[in-house]
Each structure stands twice: as C-alpha cells, then as structure tokens.
Amino acid sequence: MDYDMLVIGSGPSGRRAAVQSAKLGKSVLVVDRGRRLGGVSVHTGTIPSKTLRETVLNLSGWRERGFYGRGYRVKQDISIADLVERLHKTLDHEVEVLQHQFMRNAVKSVRAMAKFVGPNKVSLTADNGDYSEVGFANALIAVGTRPHRPRDVPFDKIRVFDSDEMLELDHLPRTLTVIGAGVIGVEYATIFSALDVPVTLVEPRNTILDFVDREIVDDFIHQMRDRGMTIRLGSTVKEIVSKPDYAEVTLADGRTIRSEIVLYAAGRSGNLGSLGLDVVGIEADSRGRIKVDPQTFQTSVPNIYATGDVIGFPSLASTSMEQGRVAACHAFGVQLPPPPETFPYGIYAVPEISTVGQSEEQVRESGAAYEVGLARFRETSRGHIMGVNTGFLKLLFSVETRRLLGAHIVGEGATELIHIGQAVINLGGTVDFFVNNTFNYPTLAEAYKIAGLDAWNRMGQG
C-alpha cells in the first residue's frame, strides 16, 4: 500500500501534518511506536506537566495565599494519588480527542516501529514482530525527543529520575534537587516547591532562561528564593550518588546537597535510534537533531520533511503544530503566506512566564531608541481581588515609530495575557492603542493600559 503522506510520530507536529494532508484530500498513514497516540506532548511532556501544575495550584491553595497567608492549604495532605488521578483523566481525554480527529479525517494510524528502507519506502515492525513495508510519496519525521541521559548519572527511578520518570513517582518526596534550570527544570522545581517540598535548583551556567528578558528572569529568581527555594547558579555537578536513604549531589566546588530524590533535567535528545536515516542519507547532530530548511522543513532529501522537537529550537508544542501544517502544505504545493516573525513563549512554572517580541537586551543591541512601560499586577483591582502580590507586565516601545517591540510577563495568567501583546506587535500597533482603547475592568489585562500609559507619559504625544 502506498500513501501520499507518511507521518512518523503523532505529537503536535505529526498530528497537524496528518490532518492538514487529509484536508487536502491525500491518503495519510501515521506510524507511532507508543502504546497510545499523542506522542511526548500528551504522555510525558506538555500536557502532563501542565496538568500536574494546575492540580498542585488548585489543591495547595497556592493562588489564595496572598489573602490567607503562606500556611493556607485547600487539602491538608496532598498525595501522589491526588495528582495522578487528574493526570490520567486528562490524558485519556486528549487521546480520545486525537483518535476522533483522525477518524473524522480518514487518517489511518498504526502502532509500529518505522525504518527507512529507501527514499520512498519504510518497513514497519509491530510489537508482536509482524513485519510489513509501505510506500510513500512524502514522509514527515516527527519523532520528538527523550530526556538526555548521560552515562555517569545513576538513573534508578528510586533516587535519581529523568523528567519522564517524574510522572511515575509513588509518593511526594520530602526534599528534591533539580539539576538543570532550563524550562523543564524550572517548571518541575517550582511545581514541587508550591507543594511545600524544599527544592534545590542547580545550574552550571551563571544565568537561566537566556531567551527571556533579564528583568523578568531576575524577578522570577527573586520570587523562587523568597519562598525558600535554594538556587545554585554557576555550580557544575561533579558526581551524583544514589544511596539507600538519600541521593547525594557533589558540586565542583566541593559542596554537597542531600535530598530524597534528584531530577536530572539537562537537555533532550532526538528519538532517531531506529529510523535508519543513513539509508536515505539524512544526517543528525550529536543530540539527534535533524537539519531542515527553515521555510519548508524539508530535510536534505526533498520529499522527506522533519518538524517539532527533533529539529531543535524552539521546541514548543505551538510552533511544532504550525511547522507540521507548513510542511504538509509545501509537500502538496499549497502556497502559504510567510509566518509572522514573532510568536509567544510560555513557561508554565509557578509563577508563569510568557514573552513575545524583542527583549530589552535585544532592543538595546539594535541601537534603536526605546521606552519601557511597566505595570505591576498588584496595581490592578483584579490583582487585589485575586490576592496577587507579585508579577508584572513590561512593554517595550520604539521612540521613533511608537510601535510595540516586545511584551514580557511574569505572574498569574501570563501565558493567556501575552496574546494581547502578540496581536498588537504583529498588527504593527503603537503605544497609542493601549492609551486610547478601553479594557474590561477589573481584569489583569488592564495592566496593558497601565503599562501603556506609563510609557506614553515619558514618550509624550506622537
């Protein structure tokens, strides 16, 4: 059997490419080796960690502590069972929606291991050993990534875990050390901290989240430290030892950290192991990432595309979906307008961080004259009502054109609020938009009006 589009992997980009191809009237087969459809995003990445976060914030009463004090809790004894129950319900629903979407669009799916045997053919090996071959006109590699597991880290799922394994904890740890302050590391570190677990965050570099505006990161670090998290920046890990009662992390400077468990979250690697890319002449880098044309997502083989985390930066579910759609349209000759240059980032830590457009560092580097508008959530009436004591919105405007260049948020609702900034940037809006328009009151979104006025007062009328 031959297909117009063969998709390997059913995460965000694979799913979107499959459905887009089907909408164009093409025959589509999705191959996934996982037990269920959905890929890393549904089963170990995006959805589980966000579900965990939401459950923790609800059960711990974290959002209400501004009113009722730090000792406030909705549920006194939160167990791992409380967290897992909601997780499984959410994942079941996600898989159901995905299966229904494939069914509605006549997308076929099969559970098997795919391996290229030629530029237009793959072999499929099922779990029971059944072997078959299928032909394709176009293929999309969307196999995602897995946690990077260096040989000298003693992963044992008792004391030392990777980020996938954190979802299989059988009890809440009394203490936790997180190694790696990337997005995954800070998300898990702050989620467990919200459960009042003492957390130590270790990062070999002197800075974290370098793609985010510095002022936002500085505030985020201050909030983490303020609630008792220990943050060790510029600390290289020399050794991790799993002992019967605890894990011991020795740093290069000789200090040791003891905790009940260690989460090692330093990077991810592409899931390319068994794909047989050498047969078709596609090469990957040392972290298993495939190089593609950034406009079309074609690999070095024109009819084979790659999208999602396996091509590296930005590795976001949102951008991966768009990549899948663009690749499918290109494969079947559908012209698309160029995508907007800016897209939002969301970091689902506690508190949330979201950012779109240029950071202050980038604007300064460009040499353009700019002005900043700030609004603290506690200055808004909605912030008072919600008991929000922290968090702020920062807007950057060009003095010359008055246009919005960047929007950056740390705090409650950041990942939702960012889209107002995104729309204004991509539509070429100016500071006057925020000053002249009426926002719902009371809302956190009103912070845009406050920040706009803050900048406008210094910039004057255009």
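Helices α3 and α5 are oblique to each other, because the angle between them, about 135°, falls outside the ranges that count as roughly parallel, antiparallel or perpendicular. This holds in a predicted model. Helix α3 covers residues 46-60, and helix α5 covers residues 80-104. Their axes lie 9 Å apart. The crossing of the two helices is right-handed. On the α3 side, the contact is made by I47, P48, T51, L52, E54, T55, V56, N58 and L59. On the α5 side, D82, L83, R86, L87, T90, L91 and E94 take part. Sorted by class, this contact has eight nonpolar, four polar and four charged residues.

Helix α3 also packs against helix α6, which spans residues 183-194. Here the angle is about 20°, and the axes are again 9 Å apart. An angle under 35 degrees counts as roughly parallel, so α3 is roughly parallel to α6. The crossing of α3 and α6 is left-handed. From α3, the residues in contact are S49, K50, L52, R53, V56 and S60. They meet E187, Y188, I191 and A194 of α6. By class, the contact of α3 with α6 has five nonpolar, two polar and three charged residues. L52 of α3 takes part in the contact with α5 and also in the contact with α6. V56 of α3 likewise appears in the contact with α5 and in the contact with α6.

The chain as a whole is divided into three parts. Domain 1 comprises residues 3-147 and 269-332. Domain 2 runs over 160-266, and domain 3 over 345-459. The centres of domain 1 and domain 2, taken over C-alpha atoms, are separated by 27 Å. Their contact takes 19 residues from domain 1 and 17 residues from domain 2.

Two open sheets were examined. One has three strands, in the order β12-β13-β14, with antiparallel pairing. Its edges are β12 (237-242) and β14 (256-259). Each edge strand has a single partner, so one side of each is left without a neighbour in the sheet. Direction ignored, neighbouring strands of this sheet are turned by 15° against each other on average. Strand β13, residues 247-251, pairs with β14 in the antiparallel sense over four bridges. Within this pairing, A247 stands opposite S259 in β14.

The other open sheet has five strands, in the order β18-β19-β22-β21-β20. Its pairing is antiparallel. β18 (345-347) and β20 (370-376) stand at the edges. Both edge strands have a single partner strand, so one side of each lacks a neighbour in the sheet. From one strand to the next, the twist averages 10°. β18 pairs with strand β19, residues 353-357, in the antiparallel sense over three bridges. The bridge partner of Y345 is T355 in β19. A helix packs on this sheet as well: α14, residues 447-459. Helix α14 touches β20, β21 (392-398) and β22 (404-410). The direction of α14 makes about 140° with that of β20.

Conventions. Residues are numbered from 1 along each chain as its sequence is written. This is a predicted model: local features need pLDDT of at least 70, side-chain atom pairs count only at pLDDT 80 or more; totals for chains, interfaces and linings use all residues. Side-chain values use heavy atoms; hydrogens and water are left out. Two strands pair if DSSP finds at least two bridges between them. Axes are lines fitted to C-alpha atoms, for helices over the stretch in contact, and angles run from 0 to 180 degrees between N-to-C directions. Contact means heavy atoms within 4.5 Å. Angles under 35 degrees count as roughly parallel, over 145 as roughly antiparallel, 65 to 115 as roughly perpendicular and the rest as oblique. A crossing is left-handed if the near helix is turned anticlockwise from the far one by less than a right angle, and right-handed if clockwise. Ala, Val, Leu, Ile, Met, Phe, Trp, Tyr, Cys and Pro count as nonpolar, Asp, Glu, Lys and Arg as charged, and the others, Gly among them, as polar. Domain bounds come from an automatic or database domain assignment.
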